[in-house]
Amino acid sequence: MAKKRPQKPGKKAQLADGKIPVVGAREPCPCGSGRRYKACHGRAASHAVTEVVQRPFEGLAGEGDWVALRELVPAATVELTLRDGLPEGVPSVTLATVLPLAWPALRREDGSVLLGLQNDTPSGDLSRDLAETLLRALEAKPGTPVEARRLPAQSAASAAERPRLQDLLDPEAPFEPQVHSGFEFWVPEAEAGQTSPEVAASLERANEAAIPTARLAGVEWAYWCRTPEKNHLRWVMPHSEERLLDALARLHAAGASSLGEGTRLVGSFRAHGLTVPVWDLPTGMGAEDVEKPAAAFAERLAAALAEEAPLTAEERRARGGLTNRQVTLN
């Protein structure tokens, strides 16, 4: 048998620690050590802030929509209103699910700002990280993206001094997502045909991967989507997980948890402190078709949430099944 060659030690870092750029967790560390980023300089970045916030969007208008846009919706935008008004030279601030080349934010040529939501963040507080990116975008030179960066190591006490989205956004302003069929909103009409090859390629890839999605109008925080196999309804709910699972179990045991013929409550997601029940729908059931059944289900759920009696044996079995079909997204 051939002898195993001794493993060579990784190369020493070639860059100063403060200059190591942020890359994907599984990519080689830019320092040249030969290790993956998450096992090298990414380890320090991941521990820069020890605070872990389970509900980062709590207190913001449309908390469930923030969760959906972060985890479930491919292409959507929302106009944001700043608590202290827009700075001079910034005509608008828009939240976007995804930006070209996974940029955290972008300052357009006209000075407007796009803030990306579906990006890796360096600390345990997503709201604080997004606020930091937004502040950098407001000061960025027009026509430039805001690059990802890792935060310097700091204590939880010093991290708490950094503002959060709840500090920057107007709590009274409406949060009204606009769901798109693709990512053409990346490029303003005035700049059509002038995008770089990299952005054009990123746009093409993103459009190919986008799942058709629609936001229901009749109930809060519910999103229909179409996949090749079947359609789904994914509904972010504000109730405590334990109370919601009890109510869903009562309905499931009573045969009242579906949204009509051919539909089925199949489980739920956990995402940013909220629970997201998921229904399978027939391929022919569009977003408009699920509006009335969803509204009727909301009434049944409200009644089930109000019940105080202990769960029956059948309801406990139903609850166990629902619990076993939970998936945590973050």
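This is a selection-by-selection tour of a predicted model.

**Setup.** Numbering starts from 1 along each chain as its sequence is written. Because the model is predicted, local features need pLDDT of at least 70 and side-chain atom pairs count only at pLDDT 80 or more, while totals for chains, interfaces and linings use all residues; side-chain values use heavy atoms, with hydrogens and water left out.

**Whole chain.** Select everything first. The chain has 9 helices and 12 strands, taken as DSSP runs numbered from the N terminus (helices: H or I, at least four residues; strands: E, at least two). Of its 330 residues, 46% count as buried; buried means under 20% relative accessible area, exposed over 50% and partly exposed in between, with a 1.4 Å probe and protein chains only. Among contacts (heavy atoms within 4.5 Å) between residues at least 6 apart in sequence, 62% join residues at least 24 apart.

**Helix α2.** Select residues 63-71. In this helix 8 of the 9 residues are buried, so α2 is largely enclosed by the rest of the structure. The buried ones are E63, G64, D65, W66, V67, A68, L69 and R70.

**Sheet with β1 to β6.** Show the open sheet whose 6 strands run in the order β5-β3-β4-β2-β1-β6, with mixed pairing. Two strands pair if DSSP finds at least two bridges between them. At the edges are β5 (144-146) and β6 (178-179), each with a single partner strand, so one side of each has no neighbour in the sheet. Next, select β1 (residues 76-80): β1 and β6 pair in the antiparallel sense over 2 bridges, and A76 stands opposite V179 in β6. Then add helix α3 (residues 126-139), which lies across β2 (93-96), β3 (105-107), β4 (113-116) and β5, at about 155° to β4. Axes here are lines fitted to C-alpha atoms, for helices over the stretch in contact, and angles run from 0 to 180 degrees between N-to-C directions.

**Sheet with β7 to β12.** Move to the open sheet of 6 strands ordered β7-β8-β9-β11-β10-β12, again with mixed pairing. Its edges are β7 (213-215) and β12 (326-328); each has a single partner strand, so one side of each is left without a neighbour in the sheet. From one strand to the next, the twist averages 25°.

**Strand β11.** Select residues 274-281. All 8 of the 8 residues are buried, so β11 is largely enclosed by the rest of the structure. L274, V276, V278 and D280 point one way, and T275, P277, W279 and L281 the other. In a regular strand the side chains alternate between the two faces of the sheet. β9 (residues 231-235) pairs with β11 in the antiparallel sense over 4 bridges, and β10 (residues 264-271) does so over 7 bridges. Centre on D280 in β11: D280 is the bridge partner of H232, and R264 stands opposite D280. The hairpin of β10 and β11 has 2 residues between the strands, and there H272 takes a positive phi near 50°.

**Helices α7 and α8.** Select α8 (residues 287-306). α8 lies across β7, β8 (222-226), β9 and β11, at about 40° to β9. Add α7 (residues 241-253): the axes of α7 and α8 come within 9 Å and cross at roughly 115°. That makes α7 roughly perpendicular to α8; angles under 35 degrees count as roughly parallel, over 145 as roughly antiparallel, 65 to 115 as roughly perpendicular and the rest as oblique. For the contact, show R243, L244, A247, L248, R250 and L251 in α7, which meet F297, R300, L301, A304 and L305 in α8.
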